[in-house]
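I opened the notebook to go through this one piece by piece. My plan was to look things up and jot down what came back.

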Amino acid sequence: MFNALRKGFGLTGRSFFRRPVTSEYPDVKRQVQPRFHGRHVLNRYPDGLEKCIGCELCAWACPADAIYVEGADNTPEARYSPGERFGKVYQINYLRCIFCGLCIEACPTRALTMTHEYELSADNRTDFIFTRDMLLAPLPEGAQDTPHTNAEVEARGLVYYPGHAAQDPTGYREGDPSKGGNQPMVTPEGIVLERIDFEHRERSSNLGSSR
Amino acid sequence: MTEQINLTVDGRDITVPKGTLVIRAAESVGITVPRFCDHPLLDPIGACRQCIVEIEGQRKPMTSCTTQATDGMVVRTHLTSEVARVAQEGQLEFLLINHPLDCPMCDKGGECPLQDQTLAHGPPDSRFIETKRRYVKPVPISAQVALDRERCVLCARCTRFSQQISGDPFIELFERGALEQVAIYEDEPYHSYFSGNVVQICPVGALTAASYRFKSRPFDLRTHDGICNQCSAGCNLRVDVRRGAIQRQLARDNMAVNEMWNCDKGRFGYEFVGSDRRLADPRIRSDFGLERRTWRGATAWVAERLNAAIDAGGPSSVGVLTGGRLTDEDAYALGRFARDVVGTDNIDFRMRPRDGEERDVLAAVAGTQGPTYDDVEAADTVVIAGLDPKEEVPILFLRLRKAWRKHGQRIVVVGPSLGSLDEIAWRWIQTSPGAETDVLRQLAGDTDAALEGEMAEVAQAVRGAGSSVVLAGERLALSQGALPAAAALAVALDADAPPFAWVPRRNNARGAVDAGLVPGLLPGGRRIDAPGPVADAWNGVPTEAGRDTAGILEAAADGEITALYLVGVDPARDFEDPKLARRALAAVDTLIVQDTLENASIEHADVLLPAAVSQERVGSFTTWEGRRQPFPQAIPPHGQSLPDWDILNQVAGAMGHDLGWQTAVDVRREAAPLMAPAGGLAERLAAVPVARGARPAPGEDGELTVVLGDWLLGKGDMLTGAKELLATARPAAAVINTADAERLGLSDGQDVAVVGPAGQLEVALEVTDHVTAGTCVLPSNSTEITPAEIADSAWPLRVQLQPAGQPEEVVA
């Protein structure tokens, strides 16, 4: 019996001198792990254009069917993203989201990433549906909010439309810049590539390669 | 029975008819060889080289889509042969060299054969490190089809479709080598009625539909079976729905009907379903305009007014008009409502062509199944009268063209216009408008004089050995005696099974005939004086025959008919004498309009009852062949709209008649035995009396007789909102003969004023040799002022042509 008492009071006594594990939330917020899966954000390019192209791959990947996307055409007067397509409607329902991050993996443009924000509460169900304007990242310094016009994009010295540089192939001649040949390629980020440096993987022959 | 041969595919023994392609033989035992260019309805070409298989005894691997199976052949596909597998993998790597990896952007992503087969059979990565070929994209090759040349794998499916199937070779492969690409000719957009099919058969995202651009992904879509509601061809459709809205319609395979194709009107003409012009709520006219009511309030009001009209003037003071757009169930429900509940026979579905003797033919045809698509395709000779298949029933045109191409079918056109059959017609027997009767009687051998020259040759072909089919369009009713003469020709060809088909334009005109929506007829082609089982099924059948459309409208204008019930029809625009129609609509005490869209007849409506369109409810449509095709519901009804049978059921209930229907299936179950034919087609057709046709009086000097053409894409209500589709419509034109143009001093493309007795309309002029001299083909519904508006009540309409912009002097 004395043994049991000693054990019990001993534990209490030891804990008395330990650092408390209780955190003073919400006055004090603890740092989460770097890869914590919090609320999503729809990222932008440095000039303010949206990275989302409305491809719906995130919605496709979502195991909880929490994401709803509708794509639409960019027009010369109203450009939301580089290229042809942008996400006109973007909704994530946080009552359904299980924060698995498969959407992040599926996103082909890194438009969708997750933040460290986890304080998601509301007093009615509709407020849990986050729409495009709530999810979009804040504008970077000096950037312009979407939509942009093509003229504004071109004034920044960028060509966002991938096919823009090519000419009609009836006049296209490789090696002749005046005919549209050897035009530098422009990445969606607006980086002008003289030559793409892919890792050149040697494979002796396709014959006999097994999968 | 063709010769059978034996071969082995992947060690499995297969017996197939001689001439079968290896890829088909493999399919027959469930072995799918990957392919892009191969399509079962297109000629083999071997363009994509993806279907390579190893064949024992051959030096190199062979493309299975171009190799015919031979007896004793031993084939090994990628499943068992390393050579075939490596060849296919290498081929896919080649195809992907210039294929952009913009799948996230591409509308085909998720249902793309190239994507799927790359995952299934492709190499894990590419050795291609150079810059890919880039083109300006997308190029609109027409308002409704966009071309991304970068994505094209040059399978030539689209160009083969346009050459072999539709016969509109507007797209072609240009350039050579790596720059080879699909393109259109300069200044010639891809304006084909069948252009949507190339979008569907494109194995990559090179051809995409403007109306579906970036709208959704395959996994968003709920797919429903559908039956096209645009014409009587009865194409089987796939209706793809996202969140209760139709995103697109595709052709569904039915080898007996539309094979794998449909026309652009059926494919892209669904925008009206969600248009702003849809009627959403029941409304009743009050001092404040058309006010919203509940269904109970509106139907009670309708019942009260109908009962009041019946009490005051008897059942014959009520008229019911409808079009050819109702489903079979609705048509039957309307027929029973008019005859059993109201007790009137004043009911007609025929807005334009109609005459007394037409009814005999319709009664004979009702409920029967005559020649089918397959019969038409197999026939050696086809006689076409009063019908322009490409403009009215486009899928029938594709069948005719297929038969012409495959076995040289002889197509004989009888009438004043060759229409769009100029490529495939074998002989065109020109007649003046309204004079088809004599030619048809001569072909049937019902003539005193011996035939000479071309007529003798045609009669020989039609009546000689080999099968013939007679296709009579609904326009034939405008020529006195022509429809019975066409039926008599079919009876003369085969008295036991007359190869006669009445081919209406509107999608369920045939169902309306089967349901007896013609004065004097009951379901199944029964006469009103011999109702048979209908008398037992219904509470009562009117004893005296009622008025037809013109009679109903005249009686309404004169005040004899006080209540007019319009179901899915717009007489103010579509009736042959719109002025009379408008007068009638204004004159009746009670005008009940039950429709899906706002139209010109609503102006005078006292009550509006919103009806659901076919995609919003279950039902069935009957093709021109008499084939009944049911379809399920794809989307929820717009607003408070209800199926037509349900509205009629509620009105009948409010009038004190319980029809006992809870669902559309109840209606169908009641209708099916009654809509079955009351007699065989052969004996009923043989009994139709054939009158000698009256020759129309020749017009005065310089006058041309108008022949109405129903062009596929016009100003019809069911094309509301389909702006990409309408952008490809054939521009309205007056089509006249070269000789007339020379005589009048007019030239092709010039704007002309068509001056009729009651007004004029301005259109472009089209000069051709494909209309008879002295006639002028005008599209019935492609101009703002329809030809009917410039006519007085006398039909046929005679007009004068003069260059546009001249002062009106001829018009009285």
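These are my entries, starting with chain A and then moving through chain B.

**Entry 1: chain A overview**

I kept in mind from the start that this is a predicted model. I looked up the secondary structure of chain A and got 5 helices and 7 strands. Read from the N terminus, the order is α-β-α-β-β-α-β-β-α-α-β-β. Chain A has 211 residues, and 21% of them count as buried. I also checked how far apart in sequence the contacts reach. Among contacts in chain A with a separation of 6 or more, 66% come from residues 24 or more positions apart.

**Entry 2: backbone oddities in chain A**

Which residues of chain A does a cis peptide bond join? I found one between A:Tyr25 and A:Pro26, with omega about 5 degrees. A:Pro26 sits in the loop that runs between α1 (2–16) and β1 (40–42) of chain A. A cis bond also links A:Thr146 to A:Pro147, and here omega is about 0 degrees. I placed A:Pro147 in the loop between α4 (132–135) and α5 (150–155) of chain A.

Next I went through phi values. A:Asp65 is not a glycine, yet its phi is positive, about 55 degrees. I found A:Asp65 in the loop between α2 (57–61) and β2 (67–73) of chain A. Is A:Asp65 buried or exposed? I counted 11 other C-beta atoms within 10 Å of A:Asp65, and the cut-off for exposed is 12 or fewer, so A:Asp65 is exposed.

**Entry 3: a positive phi in chain B**

I ran into a positive phi in chain B as well: B:Asp10, a residue other than glycine, has phi near 50 degrees. B:Asp10 belongs to the loop between β1 (4–9) and β2 (12–17) of chain B. Its count is 17 C-beta neighbours inside 10 Å, so I logged B:Asp10 as partly exposed.

**Entry 4: domains of chain B**

I pulled the domain assignment for chain B: domain 1 (4–97), domain 2 (131–274), domain 3 (284–361 + 509–681), domain 4 (376–497) and domain 5 (704–803). Taken over C-alpha atoms, the centres of domain 2 and domain 5 of chain B are 30 Å apart. Domain 2 of chain B puts 14 residues into the contact, and domain 5 of chain B puts in 12 residues. On the domain 2 side I get 5 nonpolar, 6 polar and 3 charged residues.

**Entry 5: helix α4 of chain B**

Why is helix α4 (residues 157–165) of chain B largely enclosed by the rest of the structure? I checked burial, and 7 of its 9 residues are buried, so that explains the enclosure. The buried ones are B:Arg157, B:Cys158, B:Thr159, B:Arg160, B:Phe161, B:Ser162 and B:Ile165. Covering them I found, among others, β8 (171–174), β9 (181–184), α5 (196–201), β10 (207–209) and α12 (394–407) of chain B. After α4(B) comes B:Gly167, with a positive phi near 70 degrees.

**Entry 6: nonpolar cores**

The largest nonpolar core has 216 residues, and B:Val383, B:Ala486, B:Ala487 and B:Leu489 have the most contacts inside it. Which helix gives the most to this core? I got α15 (residues 482–493) of chain B, with 10 residues. Skipping residues up to four places away in sequence, B:Leu489 touches B:Val383, B:Leu440, B:Leu443, B:Ala444 and B:Val470. I noted a second, separate core of 27 residues too, including B:Val706, B:Ala734, B:Leu797 and B:Val799.

**Entry 7: a helix crossing**

I fitted axes for helix α8 (residues 328–342) and helix α22 (residues 664–675) of chain B: they come within 9 Å and cross at roughly 75 degrees. That makes α8(B) roughly perpendicular to α22(B). From α8(B), B:Asp328, B:Glu329, B:Tyr332 and B:Ala333 meet B:Ala664, B:Val667, B:Arg668, B:Ala671 and B:Met675 of α22(B). By class, I count 6 nonpolar, no polar and 3 charged residues in this contact.

**Entry 8: B:Glu392**

Last lookup: B:Glu392, in helix α11 (residues 389–392) of chain B. With 27 other C-beta atoms within 10 Å, B:Glu392 is buried. Its C-alpha is 8.4 Å from that of B:Ser232, 160 residues away along the chain. Leaving aside neighbours within four places in sequence, I list its contacts as B:Cys231, B:Leu387, B:Gly473, B:Arg505 and B:Asp710.

Note on methods: Residues are numbered from 1 along each chain as its sequence is written. Chains are lettered from A and ligands numbered from 1 in the order in which they are written. This is a predicted model: local features need pLDDT of at least 70, side-chain atom pairs count only at pLDDT 80 or more; totals for chains, interfaces and linings use all residues. A residue is buried if 20 or more other C-beta atoms lie within 10 Å of its own, exposed if 12 or fewer, and partly exposed in between; C-beta atoms are placed from the backbone. Helices (H or I, at least four residues) and strands (E, at least two) are DSSP runs, numbered from the N terminus. Two residues are in contact if their C-beta atoms, placed from the backbone, lie within 7 Å. Domain bounds come from an automatic or database domain assignment. Ala, Val, Leu, Ile, Met, Phe, Trp, Tyr, Cys and Pro count as nonpolar, Asp, Glu, Lys and Arg as charged, and the others, Gly among them, as polar. A nonpolar core is a set of buried Ala, Val, Leu, Ile, Met, Phe, Trp, Tyr and Cys residues joined through C-beta atoms within 7 Å. Axes are lines fitted to C-alpha atoms, for helices over the stretch in contact, and angles run from 0 to 180 degrees between N-to-C directions. Angles under 35 degrees count as roughly parallel, over 145 as roughly antiparallel, 65 to 115 as roughly perpendicular and the rest as oblique.
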